[in-house]
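Thanks for making the time this morning. I would like to walk through one model with you, going from single residues to strands and then to the empty spaces, and I will try to keep to what the coordinates support.

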Amino acid sequence: MNLPIAFEEKMKTLLGVEYEDYLRCYDEPRHYGLRVNTKKISVEDFLKISPWPLTAVPWIPNGFYYDGSMYQPAKHPYYYAGLYYLQEPSAMTPASRLPVNPDDKVLDLCAAPGGKATELGAKLGEDGVLIANDISNSRARGLLKNLELFGIGNMMVISEEPGKLTEFFPEYFDKILIDAPCSGEGMFRKEKKMVKAWEEHGPEFFSKLQRSIITQAAIMLKPGGMLLYSTCTFDSLENEQTIEYLLEKFPEFTICEMDAYEGFAKGRPDETKGNIKDIDKTVRIFPHRMQGEGHYLALLKKEYNERTSGACVSFREEKPLKKIPEELTDFLENVSLKIKSSRLDIREERVYYMPKELPELKGIRFLRSGLLLGEMKKKRFEPSQALAMCLSKDTYRKVLNLSVEDERVIKYLKGETLDVEDLTDRKEKGWYLVCVDDYPLGFGKLSGQTLKNKYLPGWRWQS
């Protein structure tokens, strides 16, 4: 592989005697990774049903390698059930190293396509909330799909400049993850096109963006909160020096230790202007030291001091609906999840279940606020695909549970009508939750001996 001369010289200086080992990694195959969705299934239970041989990623509790030359996990019904996310192993690290509690308010500031946001959301309980933002509206749509596929309902997907968010979320978040746009040097082996992009926009270009983003995030973090900054590049201007810049502008931040792994390399104090000792608590991932692409991570905590504003965010008022439509009430009788009427929000025909303690957000551009339960249509309620993915066979009363070997699984995912002569309670019409090996795929509506397919058209299986 032809690497830019300027990049080679920089890496020689950075790696010293390890440089030749680094070059040799370009002759090795890339690593394919799969991360189990622990919101839906435990790691132990997934390993019992995994259709392929898996090898543990040693520094990620729910991460595994698979042979991408032999297997296609994205073309399996378990993928459509949201049981896992396909992600490069090193890219799993940032979300794994941000300590999220079940009731936290969490921001993923540059979230698309959702690899890190889905893991953050899986860690949250029902009282937490995930705000996932991406400036690109088209990328944010893909982000929304992945969050819904994972069964994450207590979330909001936004598409805004990070600077605008500071107006709505001052000192609001307990945890913030910034997987910053970067020059992508750590991805050169995996994606050769990144080399050309690096030549067009190098570290200097991205450093300005990163400094703007990280200081805006600092404003939105609560005192006592934690921020995880990551890139997939090696350049110290984008890594150690970005953290140094944050510490200069916001001295209330301190660098924290991260859970260690033997393959991690320490951050480089000598790459900062002030030779900051604590920079060695940050982490560099090099592809010649471990089975993953290049990354950088820094975990920081915002301490209390005179700089913290104690800003007070006005929360959205929670008040019970004056009247819940009868057709919605009838449907919810089949759902055993606890749904508080004060968190229901009906906008035009759509019914949403809102997260707790959201700010007033008039004037912000978002794709989804809360869990879309479904739509009111001519005196009937139609449940959404998003709701199906948040349910389980134990939280919805009427279930069609199919084995993964049943040919009707693929037919359902393709949008076809299903023959359900074997369904034992066919006398009870209405909405059924279609599952594969106990895990939901979507809804269907029973009519006689057939189930009308209500699987979302945009999600359907492509042959």
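Is Asp21 buried, partly exposed or exposed? Before I answer, please keep in mind that what you see here is a predicted model. Asp21 sits in helix α2, which covers residues 19-24, and because its relative accessibility is 36%, a value between the 20% and 50% limits, Asp21 counts as partly exposed. What may catch your eye is its partner in space, since the C-alpha atoms of Asp21 and Arg289 are separated by 8.7 Å although the two residues are 268 residues apart along the chain.

Let me set a second residue beside that one. Gln241 belongs to helix α11, residues 240-249, and with a relative accessibility of 15%, which is under the 20% limit, Gln241 therefore counts as buried. Which residues does Gln241 touch, if we leave aside its neighbours within four places in sequence? The contacts are with Arg211, Ser236, Glu271, Thr272 and Lys273.

Now to the strands, starting with β5, residues 105-108. Both of its faces are covered, with Lys105 and Leu107 buried on one side and Val106 and Asp108 buried on the other. On the pairing, β5 runs parallel to β6, residues 129-133, and 4 bridges connect the two; within that pair, Leu107 faces Ile131 of β6. Between these strands the chain passes from β5 through α6 to β6, and the resulting β-α-β crossover is right-handed. Strand β5 also pairs with β8, residues 173-179, again in the parallel sense, this time over 3 bridges, and there Val106 has Lys175 as its bridge partner.

Strand β23, residues 450-453, makes a useful contrast. Here one face, made up of Leu451 and Asn453, is covered, whereas the other, with Thr450 and Lys452, is uncovered. What does β23 pair with, and in which sense? One partner is β20, residues 418-419, which runs antiparallel to β23 and is joined to it by 2 bridges, with Leu418 opposite Leu451. Another is β22, which pairs with β23 in the antiparallel sense over 4 bridges, and in that pair Ser447 and Thr450 are bridge partners. The hairpin of β22 and β23 has 2 residues between the strands, and Gly448 takes a positive phi there, near 65°.

That brings me to the empty spaces, beginning with the pockets. How much space lies in the largest pocket? The volume comes to about 1000 Å³, and 37 residues line this pocket, with Cys110, Ala112, Pro113, Arg139 and Asp179 the closest to its centre. Four elements give two or more residues each to this lining, namely β4 (84-86), α6 (115-123), α8 (162-168) and α10 (203-220), and the largest share, 4 residues, comes from α10. Helix α6, which we met in the crossover from β5 to β6, is thus among the elements in the lining of the largest pocket. By residue class, the lining divides into 18 nonpolar, 9 polar and 10 charged residues.

The second largest pocket has a volume of about 610 Å³. Its lining holds 28 residues, and those nearest the centre are Lys39, Glu126, Leu337, Cys390 and Leu391. At least two lining residues come from each of β17 (371-377), α13 (385-390) and β22 (439-447), so that the strand β22 of our hairpin appears again here, while α13 supplies the largest share, 3 residues. The classes in this lining are 13 nonpolar, 5 polar and 10 charged.

Finally, how many cavities of 30 Å³ or more does the structure hold? There is 1, with about 30 Å³ of space in it, so please note how that volume stands against the cut-off of 30 Å³. The residues lining this cavity are Tyr79, Tyr84, Tyr85, Asn146, Leu149 and Phe150, with β4 and α7 (137-149) each giving two or more of them. Of these lining residues, 5 are nonpolar, 1 is polar and none is charged. Strand β4 therefore contributes two or more residues to the lining of the largest pocket and also to that of the largest cavity.

Key
Residues are numbered from 1 along each chain as its sequence is written. This is a predicted model: local features need pLDDT of at least 70, side-chain atom pairs count only at pLDDT 80 or more; totals for chains, interfaces and linings use all residues. Side-chain values use heavy atoms; hydrogens and water are left out. On a 1 Å grid over the protein atoms alone, a cavity is a set of points where a 1.4 Å probe fits but cannot get out, and a pocket is an open set with protein on both sides within 12 Å along at least five of seven lines; lining residues have an atom within 4 Å of a point. Grid points are joined across faces, edges and corners, and a volume is the space filled by probe spheres set on the points. Ala, Val, Leu, Ile, Met, Phe, Trp, Tyr, Cys and Pro count as nonpolar, Asp, Glu, Lys and Arg as charged, and the others, Gly among them, as polar. Buried means under 20% relative accessible area, exposed over 50%, partly exposed in between (1.4 Å probe, protein chains only). Two strands pair if DSSP finds at least two bridges between them. A crossover is right-handed if, with the strands pointing away from the viewer, the path from the first strand over the helix to the second runs clockwise. Contact means heavy atoms within 4.5 Å.
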